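Hi,

Here is the structure I promised to pass on. Have a look at it first, and then read on for what turned up.

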Amino acid sequence: MASGKELEVIKGSKVLMVGAGGIGCELLKTLALSGFEDIHIIDMDTIEVSNLNRQFLFRQSHVGQSKARVAREAVLKFRPHINITAYHANVKDPDFNVDFFKQFNVVLNGLDNLDARRHVNRLCLAADVPLVESGTTGFLGQVTVHIKGKTECYECQPKPAPKTYPVCTITSTPSKFVHCIVWAKDLLFAKLFGDRNQDNDLNVLSTDANDLSKQTEDVFERRSDEDLDQYGRRIYDHVFGYNIEMALANEETWKNRNRPKPIYIEDVFSQKQAKQNGIADQNCGSENSGISAMSSLGLKNPQDVWSLFENTRVFLEALKLFFEKREKEVGSVTFDKDDQLAVEFVTAAANIRAASFGIPLHSLFESKGIAGNIVHAVATTNAIIAGLIVIEAIKVLQNDADNYRMTYCVEHPLKKMLLMPVEPFEPNKSCYVCSETPLSLEVNTNHSKLRDFVEKVVKKKLGMNCPLIMVGSTLLYEVGDDLDEAMVANYEANLEKVLAELPVPVASGTMVSVEDLQQELTCTINIKHREEFDEDEPDEMVLVGWSQPVATEKEDKSVSNGGEGTSDAAGKLKTNDNLDETEIVPTSEIVSVVGSKRKLSELSNTDVKEVISTVSSVHSSAHQMEEINDDEDDVVMLDENPEQAKKKR
C-alpha cells in the first residue's frame with residue numbers, strides 16, 4: 001500500500017508510456033491501479049489476433065484498431081476518473097520532439113526495437129527527463145533506470161543485435177527473412193496442416209466475388225469439386241496474391257515503407273506447368289523423413305537458393321504430398337525441423353513471401369536453422385516487468401536515487417531468487433551520446449562518397465533520423481521539409497561526391513560535426529584517411545569510439561549478441577529491442593559470477609559489472625524480429641535448439 005506521500009507524488013505526476021503491446025498493456029493497467037492519474041501513451045500499431053493471448057486489454061472485436069486508443073478505452077472502464085491521452089502514431093514523428101518530452105516527469109518504455117529505443121533515450125537526455133527501460137523474452141526480463149548525469153544512458157553500453165520480432169511485423173510488414181519464416185511456420189503451415197479452428201492473422205475468407213455463397217467460406221477448406229492441384233493454386237493465390245492486395249489497400253501503412261508486390265500463380269508459371277509439377281508418385285518415400293518435395297522435383301542441394309519458380313514448385317508439391325502421403329496426420333501436424341517435408345514447405349512459403357516484399361531469398365539449409373529456433377512470449381513475465389517498471393518510476397518521482405535498481409528476471413531461481421536487483425552504473429565517459437565524446441572515423445576519403453558516410457555511419461551506426469552535417473561553418477548536408485529546391489539539389493549533388501571533393505574537402509584531420517535536430521544530439525567525428533581495408537571491413541569505414549554489437553564465436557569465448565551465426569544464445573541475459581523483449585542468460589553462468597554463498601547485496605562492483613556484462617543490457621531486442629516499429633514481445637529466436645539449451649542447464 002502506498003504511503004500518503006507516495007500517493008501525492010503519484011497523483012501529481014505526468015507520465016509518458018511508449019508502447020502498448022505486451023508490456024504496455026500490463027503497464028497501463030498497473031499505472032492506473034497504482035494511482036497515476038495523467039498518463040499519455042504512444043503506439044503506432046494496430047491489434048492483431050495473435051496479440052490476444054497476452055495483451056489482455058484487447059478483445060476479438062478490437063482486431064484492426066489502434067492499440068493505444070483501445071488500451072485507453074479499456075482502462076477508463078475501470079478507472080473512469082483518470083486522464084489517459086492516446087496517440088496512434090510513431091514516436092519518431094516530428095510532433096514528439098524535445099519540448100513534447102519536457103512536459104513529463106518520467107518516460108516508461110515498452111518498445112520492441114533498438115532504433116526507437118535509441119531515439120527515445122536521446123530525447124529523454126535532451127529534455128532531461130528520467131527514462132525507465134524494459135524488455136522481456138519468454139521467462140526472462142529486465143528493467144533499467146536511466147537518469148541524465150547520474151546513471152548510464154541506454155546507449156552507454158553496446159547492445160546485442162536484436163533477434164525478436166513482433167507479430168504485427170510478421171503478419172503485415174516483414175522486412176527480414178526471419179519474419180517470413182515465422183509467418184510461414186506459425187501461421188500458414190499451422191493453418192493448413194495443424195488445427196484449422198485456431199485463430200490467426202491469415203485472411204481466411206474466400207475471394208471468389210462471382211459466387212456469393214463462397215464469399216463466407218473458409219478459403220483453407222478444400223472444396224468437393226477441386227483436386228489437389230487446384231486447391232494448391234487457390235491457396236497460393238490467396239496468401240501471396242489476394243492477401244497482399246488487401247494489405248496494400250491501407251495506404252497509411254506504406255507511406256514510409258516499400259510496397260510489396262502481389263504474386264499470383266499465373267505470374268510464375270502456366271496452368272499446364274502447375275498441373276505437371278512434380279512426380280509425387282515416384283521416389284518420394286513412405287516414411288515421413290523420406291517424403292520429400294525436393295526429391296520429387298529433382299532438387300538435390302539444400303544449400304542452393306531456389307528461384308521464385310522453384311519455390312513455387314516446391315510449395316505446390318509439398319502441399320500435395322502432405323495431403324496424398326500424410327493425409328491421416330493433416331489437422332494435427334506440428335512443425336518439426338527434422339521433418340523434411342515441413343521444412344521444404346516452410347522454406348518455399350517464406351521465400352515466396354520474401355520475394356513479394358523485396359527480401360533476399362534463402363536456401364533450405366539456412367531456413368531450417370532459422371525455423372528451428374523460435375520461442376514465444378510469456379504473459380506472466382510481462383506482468384512482472386510492468387510491476388517493476390512502476391516500482392522504479394515511483395522511486396524516480398520521489399528522487400530516491402539511492403534505491404534505484406536495474407532488475408533482471410531469470411528463469412531458474414538463483415539462491416532462491418528469480419529477481420536480481422543491482423545498482424545502476426555511472427555514465428560511461430566514452431559514450432558519444434550522453435558524454436559527447438568525439439568519435440574517430442577511418443575512411444578512404446578519395447573513394448567513399450558523402451552518401452556512404454550518411455547511410456552507413458550517420459544513420460545506420462549513429463541512429464540519426466534528421467542529420468545535419470557540417471565542416472567548420474559550411475553546411476554539407478541536411479534534411480527537412482522547409483528546404484527550398486535549390487538547397488535540396490545542392491545537398492543531393494554533395495551526396496554523390498567523394499569526401500575529398502566536397503565544397504570543403506574532407507581529409508585526414510578534418511573534424512566533421514553531425515547533428516540530429518529532432519534528437520538534439522551532436523557528435524564530432526575526427527576523420528582519418530586510410531587507403532586499404534580488410535575483408536571483414538566491407539563498409540570500408542571504421543568508426544572508433546562507437547561500440548558495435550559484440551561478436552560471438554562458436555566456442556564459449558564471448559557472450560552472444562544475437563548475430564546470425566551459431567552461438568550460445570540460449571540463455572545469456574541479452575538485450576532485445578523488438579517488442580517488449582529480451583534475450584537472456586542461463587542462471588548457471590550468473591551463479592559462477594555471483595558465487596555460492598554471497599547474497600546479491602554483498603557483491604562487489606566488479607562482480608556486479610561481470611554479471612551485467614554477461615547479462616548485457618536488455619534493450620536492443622528487436623527479438624527475432626530485429627526491427628520494427630512495433631512494440632510487443634512476441635517471438636524470440638535463440639541461437640541454439642531450445643532442447644539443447646535445456647540439457648545444458
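A polar contact here is a pair of N or O atoms within 3.5 Å. Keep that cut-off in mind for the start of helix 3, and remember that this is a predicted model. Ser-66 caps the N-terminal end of helix 3, with a side-chain oxygen 3.4 Å from the backbone nitrogen of Ala-68.

How much of helix 3 is buried? Of its 10 residues (67-76), 7 are buried, so the helix is largely enclosed by the rest of the structure. The buried ones are Lys-67, Ala-68, Val-70, Ala-71, Ala-74, Val-75 and Leu-76. Their cover includes helix 2 (22-33), strand 2 (38-42) and strand 3 (83-87).

Next, the nonpolar cores. The largest one has 60 residues, and Trp-183, Leu-188, Phe-240, Phe-315 and Phe-345 touch the most other members. Several helices give two or more residues to this core, among them helix 8 (228-248), helix 12 and helix 13 (340-356). Helix 7 supplies the largest share, 12 residues. There is also a second, separate core of 41 residues, which includes Cys-25, Ala-32, Ala-74 and Val-145. You've met Ala-74 already, as one of the buried residues of helix 3.

Back to Leu-188: leaving aside residues up to four places away in sequence, Leu-188 touches Trp-183, Leu-202, Phe-220, Val-239, Phe-240, Phe-315, Phe-345 and Ala-349.

Helix 7 (residues 177-193) also packs against helix 12 (residues 308-325), at an angle of about 35° and with the axes 11 Å apart. Leu-188, Phe-189, Leu-192 and Phe-193 make the contact from helix 7, and Phe-315, Leu-319, Phe-322 and Phe-323 from helix 12. By class, that contact has 8 nonpolar residues, no polar ones and no charged ones.

Finally, the sheet. It is an open one of 6 strands in the order 13-12-14-15-11-16, with mixed pairing. Strand 13 (474-478) and strand 16 are the edges, each pairing on one side only. On average, neighbouring strands are turned by 25° against each other, direction ignored.

Within the sheet, strand 14 (residues 511-516) and strand 15 (residues 521-529) run antiparallel, joined by 6 bridges, and Met-511 stands opposite Asn-526 in strand 15. Strand 11 (residues 439-443) and strand 16 are antiparallel too, with 4 bridges; here Val-443 stands opposite Met-541.

Which side chains of strand 16 (residues 541-544) are buried? Met-541 and Leu-543 are, and they point to one face, whereas Val-542 and Val-544 point to the other and are not buried.

Cheers

Key: Residues numbered from 1 in each chain as written. Predicted model: local features only at pLDDT ≥ 70, side-chain atom pairs only at ≥ 80, totals over all residues. Heavy atoms only, no water. Buried < 20%, exposed > 50% of the residue type's maximum accessible area, 1.4 Å probe, protein only. Contact = heavy atoms within 4.5 Å. Polar contact = N/O pair within 3.5 Å; in protein donor to acceptor, adjacent residues only side chain to side chain. Axes fitted to C-alpha atoms, helices over the stretch in contact; angles between N-to-C directions. Nonpolar A, V, L, I, M, F, W, Y, C, P; charged D, E, K, R; others polar. Core = buried A, V, L, I, M, F, W, Y, C linked by side-chain atoms within 4.5 Å. Pairing = 2+ DSSP bridges.
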